[in-house]
Amino acid sequence: MEWVNGTIYSSSDGGIYKSINRGGDWTDLSSGLGIRQFYRISCAKTDANVIVTGAQDNGSSFRRSTGAWVDWLGADGMDNVISPTNAAVSIGTSQYGSIYKTTNSGGSYSGLTRPNTGNWVTPLVGHPTSADTIWGGWTGVFRSSNGGTSWTNIASGVITVTVDVLEVSKANTRYIWATKGTTIYRTTNGGS
């Protein structure tokens, strides 16, 4: 923050702001600046104009098919997935794997049950064709078959650490890889 002749200027990773009434109100001076640091970006399969992002300290944003951006989650926006069948449906996370879902392009959202604690950026992977199937890497690898309403640990007793990276084969979703540091875990049978 800086005082200049009775005006306070504030600069952060959220932008540049000024106040002429000692911080009572702030004016955003950031228009046109590309200053967000994105952790993750997802693109919709059914609409090339739809994008969901997770940004450090600036929450999650939803780019609608009209090109308008909506900030739909606060805090730190982390990983996210967009439904492969409906571009208005997205699931996003914040710090340590707290998880949320929007069904109206970021107009509103509801909280989902987090299986347990994850990493700062907890990885999510959506099924390539099924809107209801999602995988997440918290402490272990979890699968939801109902759009994130409930979760099953498919790596119970095998992966007992927070997952850094999670990938599911688009060609055969029974092939799943998870990593923690330099350790790579793999299943070829969906976790059985």
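This report walks through a few regions of the structure shown above, from a small sheet to a nonpolar core. Please keep in mind that the model is predicted.

**The sheet at the start of the chain**

A good place to begin is an open sheet of 4 strands, arranged in the order 1-2-3-4 with antiparallel pairing. Strand 1 (2-4) and strand 4 are the edge strands; each has a single partner strand, so one side of each is left without a neighbour in the sheet. Strands of a sheet pair through backbone hydrogen bonds, either parallel or antiparallel. Here, strand 3 (residues 15-19) is joined to strand 4 by 2 bridges in the antiparallel sense. If you look at Lys18, you will find its bridge partner in strand 4, namely Thr27.

**A nonpolar patch on the surface**

Ile16 belongs to strand 3. Its relative accessibility is 34%, which means that Ile16 counts as partly exposed. Leaving out residues up to four places away in sequence, Ile16 touches Ser10, Ser11, Thr27, Asp28, Leu29, Ser30 and Leu33. For a sense of distance, Ser108 is 92 residues from Ile16 in sequence, and their C-alpha atoms are 27 Å apart in space.

One of the residues touched by Ile16 is Leu29, which sits in the loop between strand 4 (27-28) and strand 5 (38-43). Leu29 counts as partly exposed because its relative accessibility is 37%. Ile16 and Leu29 are both members of a nonpolar surface patch, together with Val4, Tyr9, Leu33 and Ile35. The accessible area of this patch adds up to about 450 Å².

**A buried serine**

Ser60 offers a contrasting picture. This residue is part of strand 7 (residues 59-63). With a relative accessible area of 1%, Ser60 is buried, because the cut-off for that label is under 20%. Its contacts, not counting residues up to four places away in sequence, include Thr53, Val70, Trp72, Leu73, Met78 and Thr93.

**Strand 15 and its partners**

Further along the chain, strand 15 (residues 140-144) is mostly covered, with 4 of its 5 residues buried. Strand 14 and strand 15 make a hairpin with 1 residue between them. The table shows how strand 15 pairs on either hand.

| Partner of strand 15 | Sense | Bridges | Residues opposite each other |
|---|---|---|---|
| Strand 14 (residues 134-138) | antiparallel | 5 bridges | Gly137 and Val141 |
| Strand 16 (residues 152-153) | antiparallel | 2 bridges | Thr152 and Arg143 |

**The nonpolar cores**

Val141 also appears in the largest nonpolar core. This core has 11 residues: Val125, Trp135, Val141, Ile154, Ala155, Ile159, Val163, Leu166, Val168, Ile176 and Ala178. Two elements, strand 17 (165-168) and strand 18 (176-180), give two or more residues to this core. A second, separate core has 9 residues, among them Ile91, Leu112, Ile134 and Trp151.

Which residues does Ile154 contact, leaving aside its neighbours within four places in sequence? They are Trp135, Val141, Phe142, Arg143, Ile176, Gly190 and Gly191. Of these contacts, Trp135, Val141 and Ile176 belong with Ile154 to the largest core. Arg143, another contact of Ile154, is the residue that stands opposite Thr152 in strand 16.

Technical notes: Residues are numbered from 1 along each chain as its sequence is written. This is a predicted model: local features need pLDDT of at least 70, side-chain atom pairs count only at pLDDT 80 or more; totals for chains, interfaces and linings use all residues. Side-chain values use heavy atoms; hydrogens and water are left out. Patches are made of residues with over 30% relative accessible area and no salt bridge: like charges are joined within 9 Å, nonpolar side chains (Val, Leu, Ile, Met, Phe, Trp, Tyr) within 5 Å. Accessible areas come from the Shrake-Rupley method with a 1.4 Å probe; for residues, only the protein chains shown count as cover. A salt bridge is a side-chain nitrogen of Lys or Arg within 4 Å of a carboxyl oxygen of Asp or Glu. Buried means under 20% relative accessible area, exposed over 50%, partly exposed in between (1.4 Å probe, protein chains only). Two strands pair if DSSP finds at least two bridges between them. A nonpolar core is a set of buried Ala, Val, Leu, Ile, Met, Phe, Trp, Tyr and Cys residues joined through side-chain atoms within 4.5 Å. Contact means heavy atoms within 4.5 Å.
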